[in-house]
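Subject: Structure for your review

Dear colleague,

Please find below the structure that I am handing over to you. I would be grateful if you could read the notes beneath it alongside the coordinates.

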Amino acid sequence: MRAVPFRGGPAVPGRPGTPAFQIPPKVRESLFRALGTPSGVTVSKQPVEDAAGRPALAVYEARTEDNLRQELLIDPKTHTYLGQRTLYVVGGQLDGKVTTKDTLVRRTALVANKVVDNHSLRS
């Protein structure tokens with residue numbers, strides 16, 4: 001099988017202006033629920049905040065490397081990907097700074113995305 005560049009497509013029925021490849025809401029919800037089923041994967045019960053200030057559910061593996069926990073951030077209503085964050089999960093020293101449990105180290109937010117058929121159109 002070979003990759004074929006996206007050249008546009010019809011709108012999803014009932015959703016004007018939506019590309020045909022967008023995942024329908026019920027499928028996104030099912031995928032989100034499946035994230036929490038593997039052993040050792042946790043979905044936060046309380047919303048956290050992404051880098052853009054939006055509420056999000058954190059999905060993460062209980063096992064950590066170097067006392068850092070990587071979390072995927074998912075919109076609690078639409079189940080779309082919002083970004084990521086990294087937490088230092090123990091108190092102590094990190095890069096010469098004193099930390100407490102669950103110190104935020106870094107976070108990102110996806111605020112826009114689009115499909116382009118020419119790399120020069122990326123922003």
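The notes below describe what was found, beginning with the overall fold and ending with the surface.

Please bear in mind throughout that this is a predicted model.

Overall fold

The protein contains one helix and 10 strands. Along the sequence, these elements follow the pattern β-β-α-β-β-β-β-β-β-β-β. Of its 123 residues, 20% count as buried. The exposed area of the protein is about 9100 Å², and carbon and sulfur atoms supply 55% of it. Among contacts between residues at least 6 apart in sequence, 26% join residues at least 24 apart.

Strand β5 and its partners

Much of what I wish to report concerns strand β5, which covers residues 55-61. Five of its seven residues are buried, so the strand is largely enclosed by the rest of the structure.

Strand β5 pairs with strand β3 (residues 41-43) in the antiparallel sense, over three bridges. Within this pairing, Val-41 has Glu-61 of β5 as its bridge partner.

Strand β4 (residues 48-49) also pairs with β5 in the antiparallel sense, here over two bridges. Glu-49 stands opposite Pro-55 in β5. The hairpin of β4 and β5 has five residues between the strands, and Gly-53 takes a positive phi near 85 degrees there.

Strand β6 (residues 68-74) runs antiparallel to β5 and is joined to it by four bridges. Leu-57 has Ile-74 of β6 as its bridge partner. These two strands form a hairpin with six residues between them, and Asp-66 in the turn has a positive phi of about 55 degrees.

The nonpolar core

As general background, nonpolar side chains in soluble globular proteins tend to be buried together. In this model, the largest nonpolar core has six residues, namely Val-48, Ala-56, Ala-58, Tyr-60, Leu-73 and Leu-82. Strand β5 provides the largest share of this core, with three residues.

Tyr-60, a member of this core, is in contact with Gly-40, Val-41, Thr-42, Arg-69, Gln-70 and Glu-71, leaving aside its neighbours within four places in sequence. Two of these contacts, Arg-69 and Glu-71, return in the section on salt bridges.

Leu-72 in strand β6

Leu-72 is located in strand β6. At 35% relative accessibility, this residue counts as partly exposed, because the buried class is limited to values under 20% and the exposed class to values over 50%. Not counting residues up to four places away in sequence, Leu-72 touches Leu-57, Ala-58, Val-59, Tyr-81, Gly-83 and Gln-84. Leu-72 and Asp-50 are 22 residues apart in sequence, and their C-alpha atoms are 9.8 Å apart in space.

Salt bridges

Which charged side chains form salt bridges with one another? The count comes to three salt bridges.

One of them joins Asp-50 to Arg-54, with the closest N and O atoms 2.6 Å apart. Asp-50 is buried, at 0% relative accessibility, whereas Arg-54 is partly exposed, with a relative accessible area of 26%.

Another is formed by the side chains of Arg-69 and Glu-71, at 2.9 Å from N to O. Glu-71 also forms a salt bridge with Arg-85, where the closest N and O atoms are 2.4 Å apart. Glu-71 lies in strand β6 and Arg-85 in strand β7 (residues 81-88), so this pair ties together parts that are 14 residues apart in sequence.

Arg-69, Glu-71 and Arg-85 are thus linked in a network of salt bridges. Each residue of the network is buried: Arg-69 has a relative accessible area of 14%, Glu-71 has 3%, and Arg-85 has 15%.

A nonpolar surface patch

Finally, Ile-23, Val-27 and Leu-31 make a nonpolar surface patch of about 240 Å². Leu-31 is found in helix α1, which spans residues 25-35. Leu-31 is partly exposed, with a relative accessible area of 47%.

With kind regards

Definitions and conventions: Residues are numbered from 1 along each chain as its sequence is written. This is a predicted model: local features need pLDDT of at least 70, side-chain atom pairs count only at pLDDT 80 or more; totals for chains, interfaces and linings use all residues. Side-chain values use heavy atoms; hydrogens and water are left out. Patches are made of residues with over 30% relative accessible area and no salt bridge: like charges are joined within 9 Å, nonpolar side chains (Val, Leu, Ile, Met, Phe, Trp, Tyr) within 5 Å. Accessible areas come from the Shrake-Rupley method with a 1.4 Å probe; for residues, only the protein chains shown count as cover. A salt bridge is a side-chain nitrogen of Lys or Arg within 4 Å of a carboxyl oxygen of Asp or Glu. Buried means under 20% relative accessible area, exposed over 50%, partly exposed in between (1.4 Å probe, protein chains only). Two strands pair if DSSP finds at least two bridges between them. A nonpolar core is a set of buried Ala, Val, Leu, Ile, Met, Phe, Trp, Tyr and Cys residues joined through side-chain atoms within 4.5 Å. Contact means heavy atoms within 4.5 Å.
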